[in-house]
Amino acid sequence: MRGTRTRCPSPSLSFDIMVGVAPGLAVLFDAKSFKASVGANIRQGAPPSEIRMNYIEPHLKRDSLIKLPPLPSSKSDCEQVAEELLSLVNVVAKEVERLES
Amino acid sequence: MVRRGFDVGVFKICSEHDLWYDYDVYLRCKMEERLFCDDIVKLHKATMLSNIPYEVTNPVSTLEVLRFKEGDVASRVLVERYTIFKRKMFNVLNFNSLLASRSLDPEFISKLRGYAAKIVGFSNDEEFRRVRYSIAPNAIESCYNVLKEKYGAHSC
């Protein structure tokens, strides 16, 4: 999820890992608190596509913060981007393996 | 993740692109006579996905005059695509009745009309939102079901 313009996931989607990204930073949020916070906003009458990250971010539990190199959008080679984002890839891969075990 | 052997799927629910920052993508959309954003092209490339159309992995796609422009939707959104998958793919296009014909190539509009199963129009924010809220949730869910079938329950 990026910034305040980004729409929240549709309630029909399932997810186990939630990563927030911004230039130079990624945040791994607890997926349960994310779902609960989105659900609370929907129950209060907010249409899912109107819920912004800044409405729910204060209620989220952060599992980890990962510093990333800021990448220009011109850098589009997948291999290079993956290399630059290696620390995030490692954290997500570890989390997926933990969930699957 | 792909290199590490994970079966990676991609799903970008909604995308926004514009004529200013994404002009090269607009040219590509014109060439291919469809509506998609640059992010979904990159995601397909990164995951080596080729057998699912961009429309399914990105069921709601909005083409704007300028993405970060302040103001109401009717002054910046040109057209929004909703893709519904029910045994086959259907595209619904919601055109800005006032802006689209002034800002888009008429030939492209004509090609998009051929690409869409249904065309609707809006001239203010309320009409735009009414269409979006009535179609987008079904579009997202129907395309998500296609991906769930391919990748299993957790394909986000």
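In this predicted model, B:Glu64 stands opposite B:Val77, a residue of strand 3 of chain B. That pair belongs to a longer match-up: strand 2 and strand 3 (residues 77–86) of chain B pair in the antiparallel sense, with five bridges between them. On the partner list of strand 2 there is also strand 1 (residues 14–18) of chain B, but here the two strands run parallel, again joined by five bridges. In that pairing, B:His17 sits opposite B:Leu63 of strand 2.

Strand 2 of chain B (residues 60–64) is mostly covered, with five of its five residues buried. Its side chains go two ways: B:Val60, B:Thr62 and B:Glu64 point to one side, while B:Ser61 and B:Leu63 point to the other. This is the usual pattern, since side chains in a regular strand alternate between the two faces of the sheet. Both sets are buried in strand 2 of chain B.

Not everything nonpolar in chain B is tucked away. B:Trp20, B:Tyr21 and B:Phe68 make up a nonpolar patch on the surface, and together they have about 430 Å² of accessible area. One of them, B:Tyr21, is found in the loop that links strand 1 to helix 1 (23–32) of chain B.

Now for chain A. It holds four helices and three strands, and reading from the N terminus the order is β-β-α-α-β-α-α. The C-alpha trace of chain A spans about 45 × 35 × 25 Å along its principal axes. Chain A has 101 residues, of which 33% count as buried. It exposes about 6,000 Å², and 55% of that comes from carbon and sulfur atoms. Looking at contacts in chain A between residues at least 6 apart in sequence, 53% bring together residues at least 24 apart.

Helix 1 of chain A (residues 31–43) has 13 residues and reaches 18 Å from first C-alpha to last, close to the 18 Å expected. Among its buried residues are A:Phe34, A:Val38 and A:Asn41. The cover over the buried residues of this helix includes strand 1 (18–22), strand 2 (25–29) and helix 2 (53–56) of chain A. Just past the end of helix 1, A:Gly45 takes a positive phi of about 105°.

Then there are the charged side chains. Opposite charges can pair when the charged atoms come close, and the count over all chains comes to 17 salt bridges. In chain A, A:Glu95 and A:Arg98 meet in one of these, at 2.7 Å from N to O. Both residues lie in helix 4 (residues 86–100) of chain A, three residues apart, or about one turn. An α-helix has 3.6 residues a turn, so residues three or four places apart point the same way. The two partners differ in cover: A:Glu95 is buried at 18% relative accessible area, whereas A:Arg98 is exposed at 52%.

Helix 6 of chain B (residues 125–151) holds a similar arrangement, with B:Arg130 and B:Glu126 four residues apart, about one turn. Their closest N and O atoms are 3.9 Å apart. B:Arg130 is exposed at 52%, and B:Glu126 is exposed too, at 60%. Elsewhere, B:Arg28, B:Glu32, B:Arg34 and B:Glu55 are joined into one network by salt bridges that share partners.

A salt bridge can also reach across the chain. B:Lys12 and B:Asp39 meet at 3.1 Å, N to O; this pair links distant parts, with B:Lys12 in the segment before strand 1 of chain B and B:Asp39 in helix 2 (residues 38–47) of chain B, 27 residues apart. B:Asp39 is partly exposed, at 31% relative accessibility.

Terms used: Residues are numbered from 1 along each chain as its sequence is written. Chains are lettered from A and ligands numbered from 1 in the order in which they are written. This is a predicted model: local features need pLDDT of at least 70, side-chain atom pairs count only at pLDDT 80 or more; totals for chains, interfaces and linings use all residues. Side-chain values use heavy atoms; hydrogens and water are left out. Buried means under 20% relative accessible area, exposed over 50%, partly exposed in between (1.4 Å probe, protein chains only). Two strands pair if DSSP finds at least two bridges between them. The expected span of a helix is 1.5 Å times one less than its number of residues. Contact means heavy atoms within 4.5 Å. Patches are made of residues with over 30% relative accessible area and no salt bridge: like charges are joined within 9 Å, nonpolar side chains (Val, Leu, Ile, Met, Phe, Trp, Tyr) within 5 Å. Accessible areas come from the Shrake-Rupley method with a 1.4 Å probe; for residues, only the protein chains shown count as cover. A salt bridge is a side-chain nitrogen of Lys or Arg within 4 Å of a carboxyl oxygen of Asp or Glu.
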